Amino acid sequence: MSLLPPQIQKTIEEFSKLPGIGPKSAERLTFHLLRSSKASPEGLGGSLMTLKNELKYCKDCQMVTLQEQCSLCADSSRDHSTILVVENPLDVVAFEKTSFKGVYHVLHGVLSPIDGMGPEQLKMKELVDRCTDGTVTEIIVATNPDIEGEATASYIQKQLGGAVEKITRLAHGLPMGADIEFADQVTLKEALAGRRDV
Ligand code: ZN
């Protein structure tokens with residue numbers, strides 16, 4: 001029998017279900033919450049409940065929002081004929097720091113058979129539905145340059161090839177400051193394929 005009260009065991013168990021949190025980290029987080037004056041269980045619990053109960057996905061782009069439609073989709077000054085397809089809501093935040101003025105589509109993941117992620121687990125149908133009336137002229141696929149991201153990009157190409165005039169993929173390759181020695185094979189392949197004149 002464990003020396004720890006079952007409530008503590010339960011909290012440790014719940015933390016362990018999160019990605020990247022092993023049993024040791026789960027224990028540390030649990031006891032931290034009990035001790036800390038800054039991180040309170042009430043604060044964490046409350047914001048998690050709000051997250052679940054009040055947040056919605058935008059009816060158009062699937063971005064997290066408090067309304068039916070997010071502020072980006074509701075903005076008529078943006079170019080609604082260009083959709084930038086991303087994996088996660090945080091990618092939208094990153095692209096909003098660039099001068100991109102089109103709209104987005106958040107897939108909420110990438111195709112990954114190993115993790116049980118097929119097209120039905122992603123917001124893929126919603127993307128196809130947005131492209132049926134002919135108003136979308138360009139899809140820019142901005143999934144990450146890894147195996148899953150590439151597979152997702154070619155799936156989108158296959159699904160939308162006939163419906164959208166132009167389907168593009170972000171140019172990518174070695175990031176500034178990268179060390180070729182440590183770059184993986186996909187990155188190097190992309191860097192070679194995307195080579196340009198100097
Ligand atoms: Zn939206």
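What spacing do the donors of the zinc ion follow along the chain? The answer is C-x2-C-x8-C-x2-C, and the site behind this pattern is a good place to begin. The structure is a predicted model, in which local features need pLDDT of at least 70 and side-chain atom pairs count only at pLDDT 80 or more, while totals for chains, interfaces and linings use all residues. Residues are numbered from 1 along each chain as its sequence is written, and side-chain values use heavy atoms, with hydrogens and water left out.

The zinc ion is coordinated at 2.3 Å by the SG atoms of Cys58, Cys61, Cys70 and Cys73. Donors here are N, O and S atoms within 2.8 Å of the metal (3.2 Å for Na, K and Ca), and since water is not among the atoms, sites may look incomplete. The angles among the four donor atoms run from 102 to 116°, and the site is tetrahedral (for four donors, all angles between 85 and 135 degrees). For orientation, the ideal angle for four tetrahedral donors is 109.5 degrees. Two of the ligands can be placed by their accessibility: Cys61 counts as buried because its relative accessibility is 1%, and Cys70 is likewise buried, with a relative accessible area of 4%. Buried means under 20% relative accessible area, exposed over 50%, and partly exposed in between, with a 1.4 Å probe and protein chains only.

Gln62 follows in the numbering and has a backbone feature of its own. This residue is found in the loop between β1 (56-57) and β2, strands being DSSP runs of E with at least two residues and helices runs of H or I with at least four, numbered from the N terminus. Gln62 has a positive phi of about 70° although it is not a glycine. Most residues other than glycine have a negative phi. With a relative accessible area of 6%, Gln62 is buried. A second such case is His108, with a positive phi of about 60°, placed in the loop between β4 and α6 (124-130). His108 is buried too, at a relative accessible area of 19%.

What lies on the nonpolar surface? A patch of about 600 Å² is made by Leu44, Leu48, Leu51, Leu55, Tyr57, Val64 and Leu66. Patches take residues with over 30% relative accessible area and no salt bridge, joining nonpolar side chains (Val, Leu, Ile, Met, Phe, Trp, Tyr) within 5 Å and like charges within 9 Å; the areas come from the Shrake-Rupley method with a 1.4 Å probe, and for residues only the protein chains shown count as cover. Helix α3 (residues 41-54) gives the most to this patch, with three residues. Val64, another member of the patch, lies in strand β2 (residues 64-65) and counts as partly exposed at 33% relative accessibility.

Charged pairs come next. Counting a side-chain nitrogen of Lys or Arg within 4 Å of a carboxyl oxygen of Asp or Glu as a salt bridge, the total comes to eight. In one of them, Arg78 meets Glu96 with the closest N and O atoms 2.7 Å apart. Arg78 lies in the loop between α4 (71-74) and β3 (79-86) and Glu96 in the loop between α5 (89-95) and β4 (102-106), so this pair ties together parts that are 18 residues apart in sequence. Arg78 is buried at 8% relative accessibility, whereas Glu96 is partly exposed at 29%.

Lys166 and Glu138 form another salt bridge, at 3.7 Å from N to O. Lys166 belongs to strand β6 (residues 166-169) and Glu138 to strand β5 (residues 138-141), so the pair ties together parts 28 residues apart in sequence. Here Lys166 is partly exposed, with a relative accessible area of 44%, and Glu138 is buried, at 16%. Salt bridges that share partners also join Lys10, Glu14 and Lys17 into one network. Asp60 and Lys59 pair as well, with the closest N and O atoms 3.6 Å apart; Asp60 is partly exposed at 22% relative accessibility, while Lys59 is exposed at 52%.

On the scale of the whole chain, the domain assignment gives domain 1 (6-54) and domain 2 (75-169), with bounds that come from an automatic or database assignment. Their centres, taken over C-alpha atoms, are separated by 33 Å.

Definitions and conventions. Four donors count as tetrahedral if all angles lie between 85 and 135 degrees; four count as square planar and six as octahedral if opposite donors are over 155 degrees apart and all others between 65 and 115; anything else is irregular.
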